[in-house]
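User: I should like to learn how to read a domain interface and a protein–DNA surface in a model. Could we go through an example?

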Protein chains: 2
Amino acid sequence: MTISMNERSRKILEAIVEDYIASAEPVGSKSVSCRHQMGLSPATVRNVMADLEGMGYLASPHASAGRIPTDKGYRFYVDTLLQLRPLKAEERERIERQYASSDRRIDEVLREAVKSLSRLSRYAGIVMAPRVEATVFRHIDFVPLAPGRVLVIFVSRSGEVQNKIIETGINLPAATLEQMTNYLNRVMNGLPLDTVREKLAAEMAQAKIEHDDLQQRVLALSGQALAGEDENARVYIEGTSNILDQPEFADVERMRQLYRVFEQKSQLVDLLDRSRRAHGIQIFIGNETSHSAIAGCSLVTATYETRQGTVGSLGVIGPSRMPYGQVIPIVDYTARIVSQLLEEEYQ
Amino acid sequence: MTISMNERSRKILEAIVEDYIASAEPVGSKSVSCRHQMGLSPATVRNVMADLEGMGYLASPHASAGRIPTDKGYRFYVDTLLQLRPLKAEERERIERQYASSDRRIDEVLREAVKSLSRLSRYAGIVMAPRVEATVFRHIDFVPLAPGRVLVIFVSRSGEVQNKIIETGINLPAATLEQMTNYLNRVMNGLPLDTVREKLAAEMAQAKIEHDDLQQRVLALSGQALAGEDENARVYIEGTSNILDQPEFADVERMRQLYRVFEQKSQLVDLLDRSRRAHGIQIFIGNETSHSAIAGCSLVTATYETRQGTVGSLGVIGPSRMPYGQVIPIVDYTARIVSQLLEEEYQ
DNA sequence: TTTGGCACTCGACCGGGGTGAGTGCTACGG
DNA sequence: CCGTAGCACTCACCCCGGTCGAGTGCCAAA
């Protein structure tokens, strides 16, 4: 009994993973030895499979079924066996076409991206917008809606618009607002948001010394409007019902769990955020996510970026039994396209 | 065999509907005659039930199960038998508290509403925002992002913000943009959106005569920015996973269908739009919706309105086997609160 | 008109035998 | 020593028949 991964064991593991991905059914020794004519008898294959099971790459659902890959098995497959199936030109074109109608506003682009991801992968697409903190100040505007109530609109350089209604308590004169608008737009333009915050704080201190109450108030408004949004709101999901077609989710209880996760989003935020910090393609398999509610699922993610260096992540979530070779290029290419579209903003 | 609905038949129908709502299981003659001590033997109840089945109010899933209400049965129940269970003070309070943190921006309010609906009803909440067409012009702003690319921001009087990036082709000078901003904000303020559109068209014609190409272009921009958004994007849904707890959705195929509907939204838009046109509480039961994909489901909807007279609708979607007496007051009260919050905008 | 009685229906549940895919073990041969 | 053939064994799955029980429909009596 060789407790090691020689060439033959790898080939067999590869065959099993691929068969299982294709069929969703436990694969037995015979089908491996037949379909992948490698001149080995079922009995030999069986011995190897027993070894692979011993090493934790395979598991048997029950005694007389075939084997299915474990998370560790998928991991090994993805890391060392997998060969990518690059996109055909027509597929690339199809992805690109998807964005033709979008007006390149970042949220529009991301919405198209999530649709495209789910359509192409036939799983659920997920996209996380870059954090507001990382954006650059472009424009601010105050629109008085009613006495004591002001709408503050903030525009980032990438064209993201954020707005908030703020109760001012007192009635701020339109002249003050306008003056402050001009001032802020002149001073803050092009600064990253955290710098803007610091400057605002400084200005407020200054205004306090000068006893300029109105100015101080308007500055406070701006600060409030720039407060980060709810993280969960920055996640787009689409195509969740695709996953329902997968045989592994015939069980209602699992679906229920999964949909809870989709609705809460916080676990997805966590994963996408982890992915964001590590650049490039990232793959989470099953329990590696350490979120037990999505056991049996994998995420394939990639990061995209804008010229400002702000970074978000996007990807696909589906069953671990996923054709990684196809999904990875889809995610990768989508991330590239998104980055490209968002960079064009400034050229 | 009396082919009519006398008092007794009604009582029995009521008992059956309520038992079924409570238990999700076909109800037999015995349980009716026992639990609702109305001094009738099971046999008598059976006779009545046979009549009710003949009239189409009940159906038997199979020969030796009890009866379950048909859509027609639910309809009769809702229209003539149902008694509402009004909300307790503490429940009303709980609803109101939900909105305490919201900044009363319309989309914020609606987002809270949809959460609250789903949490209270324990089904899925749905909310449709009023159509942009019905809003009133408050403010417009042009922010040049890059040469040939302008961000147009439009604010309605109720504080709704809509924005769009538009490729202008040529580089519009900042001065022209600013001038037009001031002009439009002065002229259009307070006009309903369709009037604004007409005026824009008129102005464009005028500009054309005067060969003022730049002006004409900016006006065109404004027109584009005011174009209505995608209808489907105006629907909020939340709490869909609540529905998965219902025993009638243990069947995966039905869930799948239902989730397709939630993802597409168009059928929901249709129903909410129907509801919007008819004021007040509206109830769609099962096939009455004429969308077969949501057979077995009911919608309870109500309209809300702003002072401007713009109207949207909100409600709850769940299985037809729904405690209407509880759900209706929830939906009704939520609609009132939303209307109230949106009216306060202008006081 | 209501009620008790009774035969009937039909799904749910249970247990058993057959089937077949797949395994582990062992013995044999290069 | 490694690969292979053979064989007994396991176990999910399917089909079958029987039982059970809830609920019905109908009829005759009160």
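Analyst: We shall take the domains of chain A and then the surface near a DNA strand. The model is predicted.

User: Into which domains is chain A divided?

Analyst: Chain A has domain 1 (7-81), domain 2 (89-131 + 231-344) and domain 3 (135-225). The centres of domain 2 and domain 3 of chain A, taken over C-alpha atoms, lie 35 Å apart.

User: How is the size of an interface given?

Analyst: Often as the accessible area lost when the parts come together. Here domain 2 and domain 3 of chain A bury about 540 Å² between them, with 49% of that area on carbon and sulfur atoms. In contact are 6 residues of domain 2 of chain A and 6 residues of domain 3 of chain A.

User: Which residues form the salt bridge?

Analyst: A:Glu160 pairs with A:Arg234, and their closest N and O atoms are 3.2 Å apart. The count between domain 2 and domain 3 of chain A is 1 salt bridge. On the side of domain 2 of chain A that touches domain 3, the residues comprise 1 nonpolar, 2 polar and 3 charged.

User: Which residues come nearest to DNA strand D?

Analyst: Of the 20 residues around it, A:Arg8, A:Thr44, B:Ser29, B:Arg46 and B:Arg67 do. A polar side-chain atom of A:Arg8 is 2.6 Å from a phosphate oxygen of DNA strand D, while A:Ser64 places a polar side-chain atom 3.1 Å from a base oxygen of that strand.

User: Which element gives the most to this surface?

Analyst: α3(A) does, with 4 residues near DNA strand D. The residues of this surface divide into 6 nonpolar, 10 polar and 4 charged.

Methods: Residues are numbered from 1 along each chain as its sequence is written. Chains are lettered from A and ligands numbered from 1 in the order in which they are written. This is a predicted model: local features need pLDDT of at least 70, side-chain atom pairs count only at pLDDT 80 or more; totals for chains, interfaces and linings use all residues. Side-chain values use heavy atoms; hydrogens and water are left out. Domain bounds come from an automatic or database domain assignment. Contact means heavy atoms within 4.5 Å. Buried area is the accessible area (1.4 Å probe) that two parts lose on being put together, summed over both. A salt bridge is a side-chain nitrogen of Lys or Arg within 4 Å of a carboxyl oxygen of Asp or Glu. Ala, Val, Leu, Ile, Met, Phe, Trp, Tyr, Cys and Pro count as nonpolar, Asp, Glu, Lys and Arg as charged, and the others, Gly among them, as polar. A residue is near a molecule or strand if one of its heavy atoms lies within 4 Å of it. A polar contact is a pair of N or O atoms within 3.5 Å; within protein, one must be able to donate a hydrogen and the other to accept it, and residues adjacent in sequence count only if both atoms are side-chain atoms. Helices (H or I, at least four residues) and strands (E, at least two) are DSSP runs, numbered from the N terminus.
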